[in-house]
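Please take a look at the structure below. A short report on its sheets, core and side-chain contacts follows.

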Amino acid sequence: MNVAEKMKGESLAEQFTVNFKDLDFAMFKKTLDTYGVIVARGAFPVRELKKIRDIIYQQIFPRMKLGRDFREDLAKFESFPKELKMKTLAFLLEGVTDLLEADRDNILRNIVEKSGIMPLVEKYVGKGQINSLTKYYYSRTVDPLEEGYKLGFHQDGIFLRALGEPDRFMICWIPLVVIDEYTPGLELVAKPFNAFLDTDRSQYHSVAMADQEKFYEHYKDYTVRPKVRMGDFILFNPFIPHRTYLTPEMTDVRTSIDFRFYCGDPADLEKPRTGNY
């Protein structure tokens, strides 16, 4: 990505970046309909987010160190089967991106419910109350020095369709550190999400992204990499393609949480899904 592309992306991101206190439903709807993404400044109390971050650091970082040490030890034994190495490592690192536990769960639920974002999401989705806030959300840590932490372009709706109708979900991404030029962030395709729906909205289709570079070239005029800080959030439609934004210059570890608002009967999430989603 050259300097011109970077400036264009930052300029585009400004179009859907708002102060949360100024956000009403008309602005909320117009922004999401136009870009599929909204960046809200100052939505959540930083002090409470730091509590969540501290818990994540206490629980995850020791596991990450264990994984590094384990890999170094295994490297000394060339005869150890690679497949078994990975299975053993996966067992040791189980929980690095696992569902948030009860203490983090309660803090997050409280700050989201108090923020006032939920009524906006419910009205926008238009398919009932938000009945599942914390069932499907994760803590994620991206270390630029570790392989395998970078996710390529994908759509969450691909996975969510196994749980419920994708257009009943909205994705919320919350940074627990400052996302700047030294820290991995999120790169999104800011394009009306209807571009990834059939015209009657009855069918959902994924965009071809097996060739990541080809996909980026096709959508590069719409790609954005929002710079956000603690207290902000990025909200986007599950049809919006996005990936980890990571460059060789980045050296700082990024920690974030993401979750899915689900509007509808929570019992629906337990039913096997069929149909065209």
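Three strands form an open sheet in the order 7-6-9, and their pairing is antiparallel. This is a predicted model. Strand 7 and strand 9 (242–245) are the edge strands, and each pairs on one side only. Strand 6 and strand 7 are joined by 2 bridges in the antiparallel sense. Across from Leu188 stands Val224 of strand 7. In general, strands of a sheet pair through backbone hydrogen bonds, and the pairing is either parallel or antiparallel.

**Arg225, after strand 7**

Where does Arg225 sit? Arg225 lies in the loop between strand 7 (223–224) and strand 8. Arg225 has a relative accessible area of 10%, so it counts as buried. Its side chain makes a polar contact of 2.6 Å with the side chain of Glu187. Another polar contact, of 3.5 Å, joins the side chains of Arg225 and Thr223.

**The chain as a whole**

The protein chain holds 8 helices and 10 strands. It has 277 residues, and 49% of them count as buried. The accessible surface of the chain is about 14200 Å². Carbon and sulfur atoms account for 52% of that surface. Take the contacts between residues at least 6 apart in sequence: 85% of them join residues at least 24 apart.

**Strand 10 and its partner**

Is strand 10 enclosed or open to the outside? Strand 10 covers residues 254–263, and 10 of its 10 residues are buried, so the rest of the structure largely encloses it. Its side chains point two ways. Arg254, Ser256, Asp258, Arg260 and Tyr262 point one way. Thr255, Ile257, Phe259, Phe261 and Cys263 point the other way. Residues on both sides are buried.

Strand 5 (residues 169–175) runs antiparallel to strand 10, and 7 bridges join the two. One bridge can be named: Ile171 has Arg260 of strand 10 as its partner.

**Thr183, between strands 5 and 6**

Thr183 belongs to the loop between strand 5 and strand 6 (185–189). Thr183 has 3% relative accessibility, so it is buried. A polar atom of the Thr183 side chain lies 3.5 Å from the backbone oxygen of Val178. Setting aside residues up to four places away in sequence, Thr183 touches Val177, Val178, Met250, Asp252, Val253 and Arg254. Arg254 is also one of the residues of strand 10.

**Nonpolar cores**

In soluble globular proteins, nonpolar side chains tend to be buried together. Which residues touch the most other members of the largest nonpolar core? This core has 58 residues, and the answer is Phe28, Ile117, Val121, Phe233, Leu235 and Phe261. Phe28 is in contact with Leu23, Ile38, Ile117, Leu120, Val121, Tyr124 and Leu235, leaving aside its neighbours within four places in sequence. A second core is separate and has 5 residues, among them Val189, Phe215, Tyr216 and Tyr219.

**Aromatic pairs**

The structure contains 8 aromatic pairs. A pair of aromatic rings is described by the distance of the centres and the angle of the planes. Two of the pairs are set out here.

| Pair | Distance of centres | Angle of planes | Kind |
|---|---|---|---|
| Phe16 and Tyr35 | 5.4 Å | 50° | tilted |
| Phe20 and Phe233 | 5.8 Å | 70° | edge-to-face |

What does the pair of Phe16 and Tyr35 tie together? Phe16 lies in the loop between helix 1 (3–14) and strand 1 (17–19), while Tyr35 lies in helix 2 (residues 25–35), so the pair ties together parts that are 19 residues apart in sequence. Phe16 is buried, with a relative accessible area of 0%. Tyr35 is buried as well, at 16%.

The pair of Phe20 and Phe233 links other parts of the chain. Phe20 lies in the loop between strand 1 and helix 2, and Phe233 in strand 8 (residues 233–236), so this pair ties together parts that are 213 residues apart in sequence. Both Phe20 and Phe233 are buried. Ring pairs also bring in Phe44, giving a cluster of Phe20, Phe44 and Phe233. Phe233 appears in the largest core too, among the residues that touch the most other members.

Conventions
Residues are numbered from 1 along each chain as its sequence is written. This is a predicted model: local features need pLDDT of at least 70, side-chain atom pairs count only at pLDDT 80 or more; totals for chains, interfaces and linings use all residues. Side-chain values use heavy atoms; hydrogens and water are left out. Buried means under 20% relative accessible area, exposed over 50%, partly exposed in between (1.4 Å probe, protein chains only). Helices (H or I, at least four residues) and strands (E, at least two) are DSSP runs, numbered from the N terminus. Two strands pair if DSSP finds at least two bridges between them. Contact means heavy atoms within 4.5 Å. Accessible areas come from the Shrake-Rupley method with a 1.4 Å probe; for residues, only the protein chains shown count as cover. A polar contact is a pair of N or O atoms within 3.5 Å; within protein, one must be able to donate a hydrogen and the other to accept it, and residues adjacent in sequence count only if both atoms are side-chain atoms. A nonpolar core is a set of buried Ala, Val, Leu, Ile, Met, Phe, Trp, Tyr and Cys residues joined through side-chain atoms within 4.5 Å. Rings of Phe, Tyr and Trp (its six-membered ring) pair if their centres lie within 6.5 Å; planes under 30 degrees apart count as stacked, over 60 as edge-to-face and the rest as tilted.
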